[in-house]
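Open the model in your viewer and keep the selection tool ready. We will go from stop to stop, selecting a few residues each time.

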Amino acid sequence: MMLISKSDFTIGNNAGTSYEKGEHNVQLSSYYISKSEVTQELFYGVTGKAFESEENLPMTNVSWYEAIDFCNRLSMLQGLTPAYTISGTNVIWNQKANGYRLLTEAEWEYAAKTKSKQEQIWLKETSEGKPH
């Protein structure tokens, strides 16, 4: 995990769709983010589901519910308080929990925008259409 320091930045897109709210400033508290994507090996090991592909590739084709379930299970395995309470399709995020959680849209966008130019970023155009 790596620490992303608290920050102010502009999010959104004035030329985008209506749900993007246009450009606006947000303030983020410090947060931690994984240094890499969740691998298939980790996802299947935590969830107990059958392994389907190459273990070191990032996990793909996961629903939002599967992702939050993974976060809760990983938290419990490490003795942390799960971030989500799940009841059917109702999900409540406990913001005081110390367990793993998904990034908010603003946290994800800030982390994606601040990535070092020297690191390889796999895009549709550079990945030959497959996970790396």
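Start with helix α2, residues 64–77. Helices (H or I, at least four residues) and strands (E, at least two) are DSSP runs, numbered from the N terminus. The expected span of a helix is 1.5 Å times one less than its number of residues. The 14 residues of α2 should therefore span 20 Å, and its end C-alpha atoms are indeed 20 Å apart.

Two notes before you go on. This is a predicted model: local features need pLDDT of at least 70, side-chain atom pairs count only at pLDDT 80 or more, and totals for chains, interfaces and linings use all residues. Residues are numbered from 1 along each chain as its sequence is written, and side-chain values use heavy atoms, with hydrogens and water left out.

**Stop 1: the buried residues of α2**

Stay on α2 and select A67, I68, F70, C71, N72, L74 and S75. These residues are buried. Buried means under 20% relative accessible area, exposed over 50%, and partly exposed in between (1.4 Å probe, protein chains only). What covers them? Show α1 (40–47), β5 (84–87) and β6 (90–93), which are among the elements that do. Now step past the helix to G79. Its phi is positive, near 70°.

**Stop 2: salt bridges**

How many salt bridges does a search of the whole structure find? It finds three. A salt bridge is a side-chain nitrogen of Lys or Arg within 4 Å of a carboxyl oxygen of Asp or Glu.

Select R73 and D69. Their closest N and O atoms are 2.7 Å apart. Both residues lie in α2, four residues apart, about one turn of the helix. R73 is partly exposed, because its relative accessibility is 34%. D69 has 26%, so D69 is partly exposed.

Next, select E66 and K49. Here the closest N and O atoms are 3.4 Å apart. This salt bridge links distant parts of the chain: E66 is in α2, while K49 is in the loop between α1 and α2, 17 residues away. E66 counts as partly exposed at 28%. K49, at 40%, is partly exposed.

Then select R101 and E107. Their side chains meet in a salt bridge at 2.8 Å, N to O. Is each partner buried or partly exposed? R101 is partly exposed at 28%. E107 is buried, with a relative accessible area of 8%.

**Stop 3: strand β2**

Move to β2 and follow its side chains. S7, F9 and I11 point to one face and are buried. D8 and T10 point to the other face and are not buried. Add β3 to the view. β2 and β3 pair in the antiparallel sense over five bridges. Two strands pair if DSSP finds at least two bridges between them. Look at D8: its bridge partner in β3 is Q27.

**Stop 4: the cores**

A nonpolar core is a set of buried Ala, Val, Leu, Ile, Met, Phe, Trp, Tyr and Cys residues joined through side-chain atoms within 4.5 Å. Select I4, F9, I11, V26, L28, Y31, I33, A106, Y110 and A111. These 10 residues make up the largest one. The elements giving two or more residues are β2 (7–11), β3 (24–28), β4 (31–33) and α3 (105–113). α3 gives the largest share, three residues.

For the last selection, pick F43, Y44, V46 and F70. They are among the six residues of a second, separate core.

Definitions and conventions: Contact means heavy atoms within 4.5 Å.
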